[in-house]
Amino acid sequence: MTFLPNPTEPSPPPGCALLALPPEIDYCNADAVLSLVLSAVGGHGRGLRLLVLDLTGTRFMDSQGVRLVNDVRQRLHPRARVRVVARPGGVASRVLELTGLRRDVPVYDNVAEAMAS
């Protein structure tokens, strides 16, 4: 998997990273996705202030997707914040709501909102 910038989305400002996650996150690929996310943000070092995980293209996500988001959040340095973008009413949004992770990780409807403030 390669994280490619989406030309229709705003580019992240310095100290911020935006990663689009795959269409499916489950037991088969969650560990590999976690490794890719951590290595993608590793180049920022302690300068990373904000990581936005874009789940708008994710059509299937089970509890492994929740674990992935939580593991990313816990493995970043304490000053880095994690935000998630998920389609309202989509599978990822519903899974995050049902598991209660939305209380700990802010979920936004679009990338622009997540990158703002």
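Two strands are taken to pair if DSSP finds at least two bridges between them. On that basis, the predicted model described here contains an open sheet of four strands in the order β1-β3-β5-β6, with parallel pairing. The edge strands of this sheet are β1 and β6 (107–108), each of which pairs on one side only. In its entirety the protein has four helices and six strands, and from the N terminus on its elements run β-β-α-β-β-α-β-α-β-α.

Some overall values place the sheet in its setting. Of the 117 residues in the protein, 43% are buried, and the exposed surface comes to about 6,400 Å², of which carbon and sulfur atoms supply 53%. Among contacts between residues at least 6 apart in sequence, 75% join residues that are at least 24 apart.

The pairing within the sheet can be followed strand by strand. β1 and β3 pair in the parallel sense over five bridges, and the bridge partner of A20 in β3 is D54. On the other pairing of β3, five bridges join this strand to β5, again with the two running parallel. Along this pairing L51 stands opposite V82 in β5, V52 has R83 as its bridge partner, and L53 has V84. β5 is in turn joined to β6 by two bridges, and these strands also run parallel; here the bridge partner of V85 is Y108.

The strands β3 and β5 are both covered to a considerable extent by other parts of the protein. In β3, five of the five residues are buried, so this strand is largely enclosed by the rest of the structure. L50, V52 and D54 point one way from β3, whereas L51 and L53 point the other way, and all of these residues are buried. For β5, four of the five residues are buried, and this strand is therefore also largely enclosed by the rest of the structure. The helix α1 packs on the sheet, where it touches β1 and β3, and its direction makes about 150° with that of β1.

The largest nonpolar core has 29 residues, and those with the most contacts inside it are L51, L53, L55 and V72. At least two residues of this core are supplied by each of β1 (16–20), α1 (30–42), β3 (50–54), α2 (63–75), β5 (81–85) and α3 (91–99), and α1 gives the most, with five residues. Apart from this core lies another, of seven residues, among them L50, V52, V85 and A114.

Two of the leucines in the largest core illustrate how its parts meet. When its neighbours within four places in sequence are left aside, L53 is in contact with L19, L21, V37, V69, V72, V82, R83, V84 and V85. L55, found in the loop between β3 and β4, has 1% relative accessibility and, because buried means under 20%, counts as buried. Not counting residues up to four places away in sequence, L55 touches L21, I25, M61, V84, V85, A86, A92 and L96. One of these, A92, is 37 residues from L55 in sequence, yet the two are 6.7 Å apart in space, C-alpha to C-alpha.

A92 also belongs to the buried residues of α3, which are A92, S93, V95 and L96. Seen down the axis of α3, these buried residues fall within an arc of 165°, so they line one face of the helix. They pack against β4 (60–61), α2, β5 and β6. The helix is followed by G100, whose phi is positive, near 85°.

A further buried position lies in a loop. H77 has its place between α2 and β5, and because its relative accessibility is 12%, this histidine counts as buried. With neighbours within four places in sequence left aside, H77 is in contact with G45, R46, G47 and L48.

Notes:
Residues numbered from 1 in each chain as written. Predicted model: local features only at pLDDT ≥ 70, side-chain atom pairs only at ≥ 80, totals over all residues. Heavy atoms only, no water. Core = buried A, V, L, I, M, F, W, Y, C linked by side-chain atoms within 4.5 Å. Buried < 20%, exposed > 50% of the residue type's maximum accessible area, 1.4 Å probe, protein only. Contact = heavy atoms within 4.5 Å. Axes fitted to C-alpha atoms, helices over the stretch in contact; angles between N-to-C directions. Areas by Shrake-Rupley, 256 points an atom, 1.4 Å probe, with all protein chains shown as cover. Arc of directions from axis to C-beta.
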